[in-house]
Amino acid sequence: MQTIIISSPLVSHRLSLALPVPRSPLINYHHGAPPSIRLSSHRFTNSLRLFSSAAAAAAASRDSEMATEDVQDPRIAKIAASIRVIPDFPKPGIMFQDITTLLLDTEAFKDTIALFVDRYKGKDISVVAGVEARGFIFGPPIALAIGAKFVPMRKPKKLPGKVISEEYSLEYGTDKIEMHVGAVEPGERAIIIDDLIATGGTLAAAIRLLERVGVKIVECACVIELPELKGKEKLGETPLFVLVSSA
Amino acid sequence: MFASENGLKGDPRLEAISAAIRVVPDFPKKGIMFQDITTLLLDHKAFKHTIDIFVDRYRDMQISVVAGVEARGFLFGPSIALAIGAKFIPLRKPGKLPGKVISESYELEYGHDRLEMHVGTVEPRERVIIIDDLVATGGTLSAAISLLESQGAEVVECACVIGLPEVKGQHKLKGKPLYVLVEPSGVDEFC
């Protein structure tokens, strides 16, 4: 699957050794189907300059693909800036991408939803599936705006009716996600929403669950991707669309 | 307290909302008639009516914060917040929020649980509504009210799609008004 990195280096004046909260470099890219939105935003920290140079070099070599790309969408920078990084949560070494601060920024939250809605409306998508619990925050507003149903995909034993479930691997052990039987019909077209894709395990399980009942997953959509964890490789043929990418 | 007593008597949208809610008997345990809103979310028109009714009520009340109780409050709160230009604040089970939190415990039938909120998310005197899918005893909402008031916010109202009859006495909601769209559906409706 083609990886398109759209980069227009933008060295922020906030770049300094004394950043109180680490910010990740944010490069937007998306995969699979021809992009209808060209989004790009960069902010670099000192420690990640090597990475960003490599990205810039890679982008330069793909100038011919870039030629038809639109200019950077200004909404993306604001969205990226509104996400807070919390070091060592839930355990040491993990830089947690906290979207609760995005939800406090009314413009950024509105823009996030608008970017997804613009991409998916009028595409005959009748199902927005959202993964518990942060997928419940982004999914329903998108579903309402594009005229689709919202289907919650939940941890075991939360859904009251008859369910089908799909197991997936964790670092240690396994977990399951569940969906109500009858929530979707064969042949429906769906998108799956979560706030973030890391290893891709949860989204891959969600894809399998929906495919088992005959639904076509048009795309997985997340606000944030952690590309180092190569989550998109777990999604098989299903394209991935993200707004910001955080290394 | 109920929308039908509060200017929406006879509004056909309320009937559509009520009809879209599925009752699942004996969940999570025998004797409980569980009010399942997932079927409401599958009915795009009824789901939209639900949000529209709340938005119409709150858009001119200078509400700057919508707080939603995990997890089903997350299904309704953000859409309302977006439509009225308010922030959305998730109130979560312990250990989920990554930053500095305050927490409040509340009673369950057996034992208790805790609700958490990030500090620094509301300013003193900000006007807040709290959203959940259903109110039964009011224990969770009371904990939510405590959290928000401890940060200096003014809780204007609690709003739920479904309200169980026992919540008519408002003392458990610390004197805050409660706005509810529908009463629980009976299982008869789904034969």
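These legends accompany several close-up views of a predicted model.

**View 1. Chain A as a whole.** The secondary structure of chain A is made up of seven helices and nine strands. Chain A has 247 residues, and 54% of these count as buried. When contacts in chain A are limited to residues at least 6 apart in sequence, 65% of them join residues that lie at least 24 apart. Chain A has an accessible surface of about 10700 Å², and carbon and sulfur atoms account for 56% of that area.

**View 2. A salt bridge between strand 1 and strand 2 of chain B.** Here the side chains of Asp36(B) and Arg22(B) meet in a salt bridge, with 2.9 Å from N to O. Asp36(B) belongs to strand 2, which covers residues 33-36, while Arg22(B) belongs to strand 1, which covers residues 22-25, and the two are 14 residues apart, so that the pair links distant parts of the chain. Asp36(B) counts as buried because its relative accessible area is 1%, which falls under the limit of 20%. Arg22(B), by contrast, is partly exposed, with a relative accessibility of 25%.

**View 3. A salt bridge between strand 7 and a loop of chain B.** Asp133(B) and Arg72(B) form a salt bridge in which the closest N and O atoms are 2.8 Å apart. Asp133(B) is found in strand 7 (residues 127-135), whereas Arg72(B) sits in the loop between strand 3 (65-69) and helix 4 (73-84), and the pair links parts of the chain 61 residues apart. Asp133(B) is buried, at 4% relative accessibility, while Arg72(B), at 26%, is partly exposed.

**View 4. A salt bridge between strand 7 and strand 8 of chain B.** The side chains of Glu154(B) and Arg127(B) meet in a salt bridge, and the distance from N to O is 3.4 Å. Glu154(B) lies in strand 8 (residues 154-163) and Arg127(B) lies in strand 7, so this pair, too, links distant parts of the chain, 27 residues apart. Glu154(B) is partly exposed, with a relative accessible area of 37%, and Arg127(B) also counts as partly exposed, at 24% relative accessibility.

**View 5. A network of salt bridges in chain A.** In this view, Asp73(A), Arg75(A), Asp118(A) and Lys121(A) are joined into one network by salt bridges that share partners. Over all chains of the model, the count of salt bridges comes to 27.

Key. Residues numbered from 1 in each chain as written. Chains lettered and ligands numbered in written order. Predicted model: local features only at pLDDT ≥ 70, side-chain atom pairs only at ≥ 80, totals over all residues. Heavy atoms only, no water. Helix = DSSP H or I, 4+ residues; strand = E, 2+ residues; numbered from the N terminus. Buried < 20%, exposed > 50% of the residue type's maximum accessible area, 1.4 Å probe, protein only. Contact = heavy atoms within 4.5 Å. Areas by Shrake-Rupley, 256 points an atom, 1.4 Å probe, with all protein chains shown as cover. Salt bridge = Lys/Arg side-chain N within 4 Å of Asp/Glu carboxyl O.
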